[in-house]
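Hello,

Here is the structure for you to look over. Please open it first, then read the notes below.

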Amino acid sequence: MHMLMRIRYSLLTLLLLMMSAVAGQRAVPGDPYTVGQSPRGLVIDGQPRVLTTGAIHYPRSAPAMWDSLMKKAKLGGLNTIDTYVFWNMHEPSKGDYDFYTDRANLPLFLQTARENGLFVVLRVGPYVCAEWNYGGFPQWLRHEPDIVFRTYSAPFMREMRRFIAKVVDVTKPYMPEHGGPIIAMQIENEYGDHQRDFGHNGDLFADWCGQTAQQFNLSVPWIMCQQYYRVDGVIPTVNGFYCDQKLDKFRRDNPELPAMWTEMWPGWFQRWGEAAPHRPIEDIAYAVAKWFARGGTSVSYYMYHGGTNFGRTSGPFIMTSYDYDGFIDEYGLENWPKYLHLQALHRLLLEHEQFITGNDVPKSIKLADSDAAAAYVYGTDSDYFAFLINSDSSNSIKIKFDGLKQQLPPWSVTLVRRSKQDKQPNVLYNTAQLSKLIKRAQRHPARFETISSGLSTDNIRWQPLSQAGVPTITAKRPVEQISVTDDKTDYLWYRTNVSLPAECGSLDAAHAKTLVLHDAGDVATVYFNGEFVGMQHGQQDRLATFTFAVPPSTLRLGKENNTEVEISILSQTLGMAHNQRNMESYSRGLLGAITLCGRDITKGKWEMQPGLEGEHLPAHLQDTHAWERYDPEQQLARPQQMRWYAIELDSQMLAEQASDDEPARYAIDMASMSKGHIWINGVHLGRYWLRRAPAASDYAPCRKCTYNGAFHPDRMCRQHCGELSQRYYHLPRSYLRLPKSGDGSARVHNMLYVLEELDGHPEHISIAQRISKLPLQEPEQPRERPRCSWLLGTLATVCGAAVLVGAGTLLFKALKQWRERRGYSRIHTDDSSLAE
């Protein structure tokens with residue numbers, strides 16, 4: 001990178017550090033501290049606090065990313081991290097716990113937060129929703145006798161309490177009395193949405209949750225999010241795109257409790273075949289500022305960093321990418337426009353924390369003839385911090401406030417400050433006005449750069465995937481899928497042999513020559529006598545009816561020989577329900593009637609075989625020497641719908657992408673493939689599916705996007721319309737084996753395994769690098785370098801160093817003055833941990 005650009009980035013980093021240091025963030029720990037609650041916020045060491053919180057789920061990023069993610073979150077103006085606890089990851093088999101390996105290492109995640117001076121809100125659940133497979137419930141739970149999930153069911157409450165007790169035991173070292181980062185715990189999740197569905201038992205269960213939480217006698221408060229009905233012993237919190245309108249009722253019902261927004265949705269999740277959700281940053285800032293104006297004390301972004309649904313962890317039809325249009329993208333890089341615009345708001349909220357939490361919620365002051373313009377003033381007449389709101393989505397409003405004449409843009413909040421020395425308030429920030437830097441960043445979004453245009457066929461081996469196998473179950477009709485697979489695999493083969501009905505040979509148009517699967521889900525692939533017929537899929541988590549044409553070759557056989565036909569149906573799940581009632585009875589597979597040319601063939605002899613050959617990558621499969629070397633011409637000559645590919649990546653090429661500024665972030669470009677799963681060095685990266693989003697001409701939410709007006713992802717601002725929903729798949733650097741720097745002689749191997757269900761061209765798979773650089777200036781056109789460039793570079797280096805030293809001195813003085821002013825001198829913080 002050019003020397004001047006390096007200096008600019010160094011100055012930016014220092015600026016971000018200064019903003020973070022003076023933003024009122026009392027760092028965590030070292031020393032023990034106390035946590036309580038008041039109407040004006042969670043009380044930490046005796047002072048009510050403003051909490052700027054972001055969700056980062058530890059299983060959705062590699063552990064090697066956690067430290068960087070938290071540093072960036074803190075520089076983005078956050079003082080708290082929020083995460084769920086995922087029961088099915090930590091207790092995959094009853095009594096068999098895992099809290100310490102790879103992405104399940106919750107203690108390491110908490111320790112990383114502590115080292116970065118961040119608080120943690122730990123949302124135990126253990127139901128989490130989260131677009132996570134089965135909402136976080138382990139499969140074995142559904143087999144407990146007489147169990148009913150999420151209601152006053154003795155078996156369910158017994159197992160729920162047992163798991164929470166285990167989590168409490170694992171996380172005790174990270175409580176405030178030990179100088180740990182945890183300041184709140186959550187029990188259950190969004191239960192208010194379902195409590196009425198269960199009637200009286202729902203009320204009993206909600207009360208039981210509050211009682212159970214208190215029985216653990218922890219030093220932090222418990223919360224229940226989206227809890228509409230009062231539960232003693234917990235703080236009810238809210239979720240949504242906008243939540244300020246809920247505050248008046250909250251204070252009437254809970255005058256002694258702080259108003260906490262546990263899920264502020266700055267984006268949305270994405271399903272296969274959907275266009276990418278996007279929420280305008282002006283609208284996010286508007287919603288957050290209005291929340292604090294009207295009395296909120298804590299906000300948490302769901303998600304701040306969305307991450308990746310590795311393996312089979314996603315909910316039904318949810319993509320492997322869980323980017324969520326977050327502030328930090330799936331690859332751990334800043335989404336600069338969103339990151340910077342909200343960072344400025346966070347800084348101001350934390351700087352003026354004493355005004356927000358040290359005063360009662362003010363009454364609104366009408367600013368103009370319109371009811372849409374109002375002010376909320378925290379402080380005295382001559383010393384205050386105020387929010388000036390224009391909630392009109394179409395019109396600007398001219399106002400005069402304490403001598404300040406201002407035109408408030410539509411759908412915006414203006415933050416102003418007046419001290420005793422000021423004659424009138426000073427404008428600090430407006431949610432609808434973007435800086436030049438942010439506008440420039442919007443013109444230069446993150447992108448993928450291809451670093452290998454294709455893979456050498458010499459490094460690709462393949463083998464067909466056998467359809468044959470030993471059936472594990474024989475029955476008189478198809479058996480429900482999950483009862484056979486126990487969700488250890490997406491796949492279940494159903495096979496039967498039937499005599500081809502006479503109706504298949506009839507010329508009568510009333511007899512459709514089709515195989516129809518009623519009430520099936522999620523995906524079905526059909527073969528007649530081993531011949532591929534087709535694949536069909538449902539939508540979201542709804543059952544569907546699949547109709548397949550009987551192939552002509554089968555019809556000819558029926559005419560000539562009247563012989564039996566083997567029908568093989570590969571049924572697939574794409575994640576289990578994550579948010580519905582009666583999850584214990586969730587079912588998939590072939591559930592309804594099956595007809596062939598109009599004749600019901602549901603009853604008969606059916607064989608079921610779970611899984612696919614080599615799906616869990618046993619040792620013999622990873623030895624690929626016996627596999628055929630890939631030849632694209634031969635592949636075209638002998639089509640085979642299901643294949644394994646083993647591809648050796650160029651490790652030296654990957655290692656050469658290292659940067660002085662940021663470790664390389666890799667992705668696999670799967671545009672040449674169709675549908676399946678991918679692994680790197682035995683680590684299951686997730687499902688892939690190359691489905692295309694609707695074109696803008698066919699989908700109204702792709703054609704409208706404005707910041708001013710109530711946002712919803714199903715109505716506006718969808719992006720990348722007409723493109724593949726997910727083309728690139730995260731390849732975490734820490735899961736690669738890379739040669740050490742300077743050791744060119746060492747040979748290391750990185751093996752990419754691809755299970756392709758349909759068809760594809762593996763030689764066109766490529767490796768890309770994710771790039772997200774903050775454009776401090778518009779890119780210049782190439783020009784001839786002056787001969788004295790070395791002198792300019794030297795001068796720039798010297799000047800830059802001088803600026804850094806001066807700025808560092810200012811930072812030290814500002815930080816010292818701030819700490820003395822805030823009275824936190826006894827809390828010892830090592831701010832050097834912020835440096836990237």
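Which residue of β25 does Thr525 stand opposite? The partner is Met535. Bear in mind that this is a predicted model.

That pair belongs to a sheet, so let me start there. Thr525 lies within β24, which runs over residues 523-528. β24 pairs with β25 in the antiparallel sense, and six bridges join the two. Both strands are part of an open sheet of six strands. The order is β21-β31-β22-β27-β24-β25, with antiparallel pairing. β21 (473-475) and β25 (531-537) stand at the edges. Each has a single partner strand, so one side of each is left without a neighbour in the sheet. From one strand to the next, the twist averages 20°. In general, strands of a sheet pair through backbone hydrogen bonds.

Now the cavities. The structure holds six of 30 Å³ or more. I looked at the second largest, which has about 60 Å³ of space.

Which residues line it?
- Leu51, Thr53, Asp82, Val121 and Ile223 are among them.
- Met260, Trp261, Thr262, Ser298 and Ser300 also belong to the lining.

Three strands each supply at least two residues of this lining: β4 (51-56), β10 (260-264) and β11 (298-305). The largest share comes from β10, with three residues. By class, the lining of the second largest cavity has five nonpolar residues, four polar and one charged.

Over to you.

Best wishes

Methods:
Residues numbered from 1 in each chain as written. Predicted model: local features only at pLDDT ≥ 70, side-chain atom pairs only at ≥ 80, totals over all residues. Heavy atoms only, no water. 1 Å grid on protein atoms, 1.4 Å probe; cavity = no way out; pocket = protein on both sides within 12 Å on 5 of 7 lines; lining within 4 Å. Points joined across faces, edges and corners; volume = space filled by probe spheres on them. Helix = DSSP H or I, 4+ residues; strand = E, 2+ residues; numbered from the N terminus. Nonpolar A, V, L, I, M, F, W, Y, C, P; charged D, E, K, R; others polar. Pairing = 2+ DSSP bridges. Axes fitted to C-alpha atoms, helices over the stretch in contact; angles between N-to-C directions.
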